[in-house]
Amino acid sequence: MERIGFFGGSFNPVHLGHSVLVKRLKEELQLDRVEIILNGNPPHKTVPGAGYNDRFMMLKLAFASFPFVHINQCERDSAFVHYTYDTLREFRNFYGQDTALFFMMGYDSLCSLDTWKKGFNLTDYAHLAVISRPQYDPELLPYSVKHFLKNRLITETTSKNALNALNTPSGNVFWIDSRELDISSTRLRTIIHEGYETPEIFEAKLQPFIDAKVIEYIKQHHLYSLI
């Protein structure tokens with residue numbers, strides 16, 4: 001059974017934490033392909049920064065060496081709000097029941113899943129892959145979310161139960177601890193904005209967090225100079 005992961009976000013800007021995480025998820029979930037869904041008008045956040053076209057170009061640069069990654073523009077249209085439930089339903093209709101789909105989300109998103117459009121029905125169309133941290137405990141989640149996770153949560157991706165679930169099209173929630181780079185896009189936008197005042201150290205300040213080709217693109221297009 002083919003396995004496809006979906007990683008949505010504003011990527012404003014895309015950073016090394018994103019690329020490291022994509023590699024980790026590919027390995028943990030044995031994914032054949034990862035579709036990165038660039039949000040045009042996400043319902044859960046409004047952020048300043050680069051426009052859609054610039055964010056798309058930065059994603060292409062950041063993942064140019066990842067042959068299993070495709071930048072998906074299904075949510076490009078900013079004229080209306082795109083909901084994950086609708087997007088996953090469309091993907092399921094397209095791929096049918098012979099493909100396992102995995103939608104990646106952070107712990108914070110899981111905590112507020114009861115506020116999403118049909119959030120507890122997302123597993124009708126895909127598995128969820130929750131990116132957590134070692135200090136986060138599923139027992140601390142809101143009651144409604146814990147109830148949703150009952151009989152769905154898989155915390156060990158190498159267990160027999162997990163291996164069986166990986167070969168089903170949808171329905172489970174995989175809990176994936178991540179000790180990778182914890183980078184804030186908000187903080188990066190501030191660093192970039194302030195960096196224009198000290199061009200001699202602009203790149204040095206960003207290199208630990210952002211791919212060199214993306215840094216060059218940001219400089220050339222003077223992105224985040226106003227935030």
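Leaving aside its neighbours within four places in sequence, which residues is tryptophan 175 in contact with? Tyr107, Leu110, Val130, Ser132, Tyr136, Pro138, Leu141, Leu153, Ile154 and Thr155 make up the list, where contact means heavy atoms within 4.5 Å. The model behind this picture is predicted, so to speak of local features takes a pLDDT of at least 70 and side-chain atom pairs count only at pLDDT 80 or more, while totals for chains, interfaces and linings use all residues. Residues are numbered from 1 along each chain as its sequence is written, and side-chain values use heavy atoms, with hydrogens and water left out.

Now for the chain as a whole. It has nine helices and seven strands; these are DSSP runs, with helices being H or I over at least four residues and strands being E over at least two, numbered from the N terminus. The C-alpha trace spans about 55 × 35 × 35 Å along its principal axes. The radius of gyration, taken over C-alpha atoms and set against a globule rule of 2.2 Å times the number of residues to the power 0.38, comes out at 18 Å, which agrees with the value near 17 Å that a compact globule of 227 residues would have. Of contacts between residues at least 6 apart in sequence, 74% join residues at least 24 apart.

What about the surface? The accessible surface of the chain comes to about 11,300 Å², and 49% of that belongs to carbon and sulfur atoms; the areas come from the Shrake-Rupley method with a 1.4 Å probe, and for residues only the protein chains shown count as cover. Buried residues make up 48% of the 227 residues, with buried meaning under 20% relative accessible area, exposed over 50%, and partly exposed in between (1.4 Å probe, protein chains only). As for charge, there are 24 positive and 26 negative side chains, and the centres of the two sets lie 3 Å apart. Lys and Arg count as positive and Asp and Glu as negative, with His and the chain ends not counted; each charge is placed at NZ of Lys, CZ of Arg, CG of Asp or CD of Glu.

Back to the tryptophans. Tryptophan 175 lies in strand S7, residues 173-177, and counts as buried because its relative accessible area is 5%. Its C-alpha is 13 Å from that of serine 109, although the two are 66 residues apart in sequence. Tryptophan 116, by comparison, lies in the loop between H4 and S5, and its relative accessible area of 12% is why it is also called buried. The C-alpha atoms of tryptophan 116 and isoleucine 215 are separated by 34 Å, with their positions 99 residues apart along the chain.

Asparagine 72 sits in strand S3 (residues 69-72) and is buried, at 10% relative accessibility. Not counting residues up to four places away in sequence, asparagine 72 touches Glu35, Ile36, Ile37, Leu38, Tyr52 and Phe91. Alanine 162 is 90 residues from asparagine 72 in sequence and 27 Å from it in space, C-alpha to C-alpha.

The backbone has a few quirks. Most residues other than glycine have a negative phi, and most peptide bonds are trans. Asparagine 12 and proline 13 are joined by a cis peptide bond, with omega at about 10°; proline 13 is found in the loop between strand S1 (2-9) and helix H1 (16-29). Lysine 118 is not a glycine, yet has a positive phi of about 50°. Lysine 118 belongs to the loop between helix H4 (107-111) and strand S5 (127-132) and is partly exposed, at 45% relative accessible area. Histidine 222 also has a positive phi of about 50° without being a glycine; it is found in the segment after helix H9 (212-221) and, with a relative accessible area of 44%, is partly exposed.

Last come the cysteines. A search of the whole structure turns up zero disulfides, a disulfide being a pair of cysteine sulfur atoms within 2.5 Å. Cysteine 74 counts as partly exposed because its relative accessibility is 37%, and cysteine 111 is partly exposed at 24%.
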